[in-house]
Amino acid sequence: MNKVYIALGTNIEPRFNHLQEALRRLQEHKKISILKQSSIYETAPVGYTNQADFLNMVIQAETDCTPIELLDYCQQIEKELGRRRTIRFGPRTIDLDILLYNQENIKMERLTIPHPRMHERAFVLVPLNEIAPNTVLPLTMENKCVVDAIKELSGNDLKDVEIWTKKESVEE
Ligand code: GSY
């Protein structure tokens with residue numbers, strides 16, 4: 001069995017439902033079991049900032065899928081939930097990024113693991129730290145553990161990542 005971490009993000013309503021549906025689809029795959037999931041965080045957009053706030057979370061899962069099978073399945077979920085790749089870094093119904101696959105460093109045309117920007121993204125490291133603080137980010141990330149990588153983020157980055165709780169008015 002392989003241990004993987006996947007980051008989920010959405011900034012098109014109904015955001016909570018998109019997360020729930022993506023989790024349900026991951027869980028229904030015969031070769032994927034979700035072991036842990038972080039809280040849901042509301043986060044200010046990074047990169048292309050003229051867009052709505054995101055809901056982000058990270059899961060730990062066990063899988064018999066190869067990295068490419070897992071990528072294909074994540075992309076299938078993105079497509080089925082209506083993601084259109086229009087503006088690069090722009091709004092999205094759901095984004096599933098494979099962060100880590102065991103301790104492997106993988107570089108293929110379609111896939112780089114560890115995710116190349118994960119160490120600089122508070123919206124990834126904060127939820128990851130909640131479920132796996134001592135996980136080591138492999139070679140390409142200088143073998144730092146998550147809790148140490150977080151210390152290198154600025155207070156400004158961290159203040160834009162807050163635990164989100166579902167309000168009764170959010171439709172399901
Ligand atoms: O690949 C992640 C998509 N994304 C996000 C995101 O998920 N959360 C926040 N806060 N900003 C983002 N910018 C991009 S691109």
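A residue counts as exposed when its relative accessible area is over 50%, as buried when that area is under 20%, and as partly exposed in between. By this rule Glu-152 is exposed, because its relative accessibility is 58%. The structure described here is a predicted model. This briefing considers the surroundings of the ligand, the salt bridges and the residue Gln-60.

**The ligand and its shell**

- Twelve residues surround the ligand, and those that come nearest are Thr-43, Ala-44, Val-46, Asn-56 and Asp-95.
- By residue class, the shell around the ligand consists of six nonpolar, two polar and four charged residues.
- Strand β4 and strand β5 (95–101) each contribute at least two residues to this shell.
- A nitrogen atom of the ligand lies 2.7 Å from a polar side-chain atom of Thr-43.
- Asp-97 has an N or O atom in its side chain at 3.0 Å from an oxygen atom of the ligand.
- Arg-121 places a polar side-chain atom 3.5 Å from an oxygen atom of the ligand.
- The ligand taken alone exposes 360 Å², and the protein buries 96% of that area.

**Salt bridges**

- Side chains of opposite charge can pair when their charged atoms come close.
- In the whole structure, a search finds twelve salt bridges.
- One of them joins Arg-15 to Glu-42, with 2.8 Å between the closest N and O atoms.
- This pair connects distant parts of the chain, since Arg-15 belongs to helix α1 (residues 15–28) and Glu-42 to strand β3 (residues 41–43), 27 residues apart.
- Arg-15 counts as buried because its relative accessibility of 9% is under 20%.
- Its partner Glu-42 has a relative accessible area of 28%, and is therefore partly exposed.
- Glu-152 and Lys-144 also form a salt bridge through their side chains, at 3.5 Å from N to O.
- Lys-144 is partly exposed, at 22% relative accessibility, whereas Glu-152 is exposed, at 58%.
- A further salt bridge pairs Lys-151 with Asp-148, the closest N and O atoms being 3.1 Å apart.
- Lys-151 and Asp-148 are three residues apart in helix α4 (residues 146–151), so about one helical turn separates them.
- Lys-151 counts as exposed because its relative accessibility is 61%.
- Asp-148 counts as partly exposed, with a relative accessibility of 31%.
- Salt bridges also link Glu-21, Arg-24, Arg-25, Glu-28 and Glu-80 in a network.

**Gln-60 and its neighbours**

- Gln-60 is located in strand β4 (residues 54–63).
- With a relative accessible area of 5%, Gln-60 is under the 20% limit and is therefore buried.
- The side chain of Gln-60 makes a polar contact of 2.7 Å with the side chain of Tyr-5.
- Leaving aside residues up to four places away in sequence, Gln-60 touches Lys-3, Val-4, Tyr-5, Ser-33, Ile-34, Leu-35, Lys-36 and Ile-131.
- Tyr-5 thus appears both among the residues that Gln-60 touches and as its partner in the polar contact.

Conventions. Residues numbered from 1 in each chain as written. Predicted model: local features only at pLDDT ≥ 70, side-chain atom pairs only at ≥ 80, totals over all residues. Heavy atoms only, no water. Helix = DSSP H or I, 4+ residues; strand = E, 2+ residues; numbered from the N terminus. Buried < 20%, exposed > 50% of the residue type's maximum accessible area, 1.4 Å probe, protein only. Polar contact = N/O pair within 3.5 Å; in protein donor to acceptor, adjacent residues only side chain to side chain. Contact = heavy atoms within 4.5 Å. Near = heavy atom within 4 Å. Areas by Shrake-Rupley, 256 points an atom, 1.4 Å probe, with all protein chains shown as cover. Nonpolar A, V, L, I, M, F, W, Y, C, P; charged D, E, K, R; others polar. Salt bridge = Lys/Arg side-chain N within 4 Å of Asp/Glu carboxyl O.
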